[in-house]
Each structure stands twice: as structure tokens, then as C-alpha cells.
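This report describes the strand pairing, the salt bridges and two glutamine environments of a single protein chain. The sequence and the model are shown first.

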Amino acid sequence: MEAPAPPPLHPAIAPLFFLLGKWRGQGEGGFPTINSFAYAEELLFSHSGKPVIAYNQKTWKLDSGEPMHAESGYWRPKADGSIEVVIAQSTGLVEVQKGSYDAENKIVMLQSELVGNASKVKEITRAFKVVNDELSYVVQMATSIISLQPHLKALLRKV
């Protein structure tokens with residue numbers, strides 16, 4: 001039995017076509033309350049023909065391949081350039097993000113509206129950019145005692 005043909009792209013997600021596909025690369029993280037670390041990562045942006053993009057992310061240790069973190073969710077771009085994102089992390093933390101996208105410059109900016117089930121994390125921002133088929137991002141975080149500052153950054157290539 002043959003795999004079904006991919007569904008047609010919904011017009012609502014067409015402006016974010018540049019994100020679709022599988023991306024792999026490496027990143028690094030840190031925060032004042034933890035030791036710095038490096039990781040390998042895979043991101044998958046996919047669609048089912050509906051006006052939403054499915055988001056799946058996983059990371060692992062560079063040296064051992066041991067799993068580190070995973071999260072998944074949905075990205076809902078709007079025609080006015082705004083976007084709503086929901087993310088569930090493997091740690092139990094959930095995020096509701098709102099922001100904007102610039103399809104021409106291939107940029108997505110997100111700001112947390114809600115960080116749930118997190119005793120310490122109060123705010124998360126995410127900035128994504130694609131340049132020359134490379135996806136880079138920066139995640140910033142604030143806790144109850146530390147103001148918003150960089151937590152993660154990575155550079156991924158489409159595979």
C-alpha cells in the first residue's frame with residue numbers, strides 16, 4: 001500500500017512555508033541558575049492540510065545521544081501577520097505564545113501569554129529566523145527571581 005500523497009497546503013499557513021520540513025543542528029543553553037550545556041536538536045514543522053502547523057522538537061546530548069528535552073505543539077498563523085502558538089514540554093510545562101511573523105524576511109517572534117504548570121518560569125520569548133536555508137532561534141526566559149535573558153540558541157539546517 002502506497003503512502004498517501006501529502007495534503008495541499010492550506011492558504012493560512014502558506015506565509016510560513018519556509019518553516020515546513022525537518023531541521024537538524026546544534027545549540028547551546030545556559031541561565032544564571034544552571035551550568036551551560038550544548039545539545040543536538042531536531043525540529044519538525046509539518047501540516048495536514050488544515051490552517052495549523054504541527055511543531056515537534058527533540059534534543060539530545062552531543063556525546064552520548066542521550067535524550068534531553070522534547071516539546072510539541074501547534075502554530076496558527078493569521079492573515080494579519082499575527083500568530084498563536086501552544087507548546088507542551090516534556091517537563092510538564094505548557095506555553096501559550098502570541099506574536100507576529102514576517103514572511104518576506106522569514107522571521108517569527110513569540111511572547112508568552114501564559115506559562116502553565118511552572119513554579120519558577122514566569123515568561124518565555126522565542127525568536128526564529130531563516131537565512132540561506134539555516135534556521136536559527138533564541139529562547140529567552142524569566143523566572144520569579146531572574147529577569148528575561150537568553151536561555152537557548154541554536155542553528156539548524158534543513159534535512
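The account below proceeds from the annotated region to the strand pairings, and then to individual side chains.

## Basis and annotated region

The structure is a predicted model. An unreviewed UniProt entry lists residues 13-158 under the label "domain: THAP4-like heme-binding". Over residues 13-158, the model is 70% strand and 0% helix. The C-alpha atoms at the two ends of that range lie 19 Å apart.

## Strand pairings

Four antiparallel pairings are set out in the table, each with its bridge count and the number of residues between the two strands of the hairpin.

| Paired strands | Bridges | Residues between strands |
|---|---|---|
| Strand 3 and strand 4 | 8 bridges | 6 residues |
| Strand 4 and strand 5 | 7 bridges | 4 residues |
| Strand 8 and strand 9 | 10 bridges | 2 residues |
| Strand 9 and strand 10 | 8 bridges | 5 residues |

Strand 4 takes part in two of these pairings. It runs antiparallel to strand 3, and it also runs antiparallel to strand 5, which spans residues 82-89. Between strand 3 and strand 4, Q57 has E71 as its bridge partner. The turn of this hairpin contains G65, whose phi is positive at about 80 degrees. Between strand 4 and strand 5, P77 stands opposite I83. In that hairpin, G81 adopts a positive phi near 90 degrees.

Strand 9, residues 134-143, is likewise antiparallel to strand 8, and it is antiparallel to strand 10, residues 149-158. I124 faces M141 of strand 9 as its opposite residue. The turn between strand 8 and strand 9 includes N132, with a positive phi of about 50 degrees. On the other side of strand 9, S136 is the bridge partner of L155 in strand 10.

## Salt bridges

The whole structure contains 8 salt bridges. Among them is the pair E42 and K58, with an N to O distance of 4.0 Å. This pair links distant parts of the chain, since E42 belongs to strand 2 (residues 34-47) and K58 to strand 3 (residues 53-60), 16 residues apart. How do the two partners differ in accessibility, buried or partly exposed? E42 has a relative accessible area of 11% and therefore counts as buried, whereas K58, at 42%, is partly exposed.

A second salt bridge joins E66 to K61, at 3.4 Å from N to O. Both partners have intermediate accessibility: E66 is partly exposed at 41%, and K61 is partly exposed at 32%.

E71 and R126 form a further salt bridge, in which the closest N and O atoms are 2.8 Å apart. Here too distant parts of the chain are linked: E71 lies in strand 4 (residues 67-77) and R126 in strand 8 (residues 121-131), a separation of 55 residues. Both E71 and R126 are buried. Elsewhere, salt bridges with shared partners connect R24, E42 and K58 into one network.

## Two buried glutamines

Which residues surround Q97 beyond its neighbours in sequence? Q97 belongs to strand 6, residues 94-102. Beyond four places in sequence, its contacts are I83, E84, V85, L110, Q111, S112, E113, I124 and R126. The side chain of Q97 also comes within 3.2 Å of the backbone nitrogen of Q111. Q97 has a relative accessible area of 0%, so it falls under the 20% limit for a buried residue.

Q89 is part of strand 5. Its relative accessible area is 16%; because this is under 20%, Q89 also counts as buried. With residues up to four places away in sequence left out, Q89 touches H69, A70, E71, E95, I124 and R126.

The contact lists connect these glutamines to elements described above. Q89 touches both E71 and R126, the two partners of the salt bridge with a 2.8 Å separation. Q97 is in contact with R126 as well. I124, which stands opposite M141, appears among the contacts of Q97 and among those of Q89. I83, the residue opposite P77, is also one of the contacts of Q97.

Technical notes: Residues are numbered from 1 along each chain as its sequence is written. Side-chain values use heavy atoms; hydrogens and water are left out. Buried means under 20% relative accessible area, exposed over 50%, partly exposed in between (1.4 Å probe, protein chains only). A polar contact is a pair of N or O atoms within 3.5 Å; within protein, one must be able to donate a hydrogen and the other to accept it, and residues adjacent in sequence count only if both atoms are side-chain atoms. Contact means heavy atoms within 4.5 Å. A salt bridge is a side-chain nitrogen of Lys or Arg within 4 Å of a carboxyl oxygen of Asp or Glu. Two strands pair if DSSP finds at least two bridges between them. UniProt positions are given in the numbering used here, feature names are shortened, and annotations may be inferred rather than shown by experiment.
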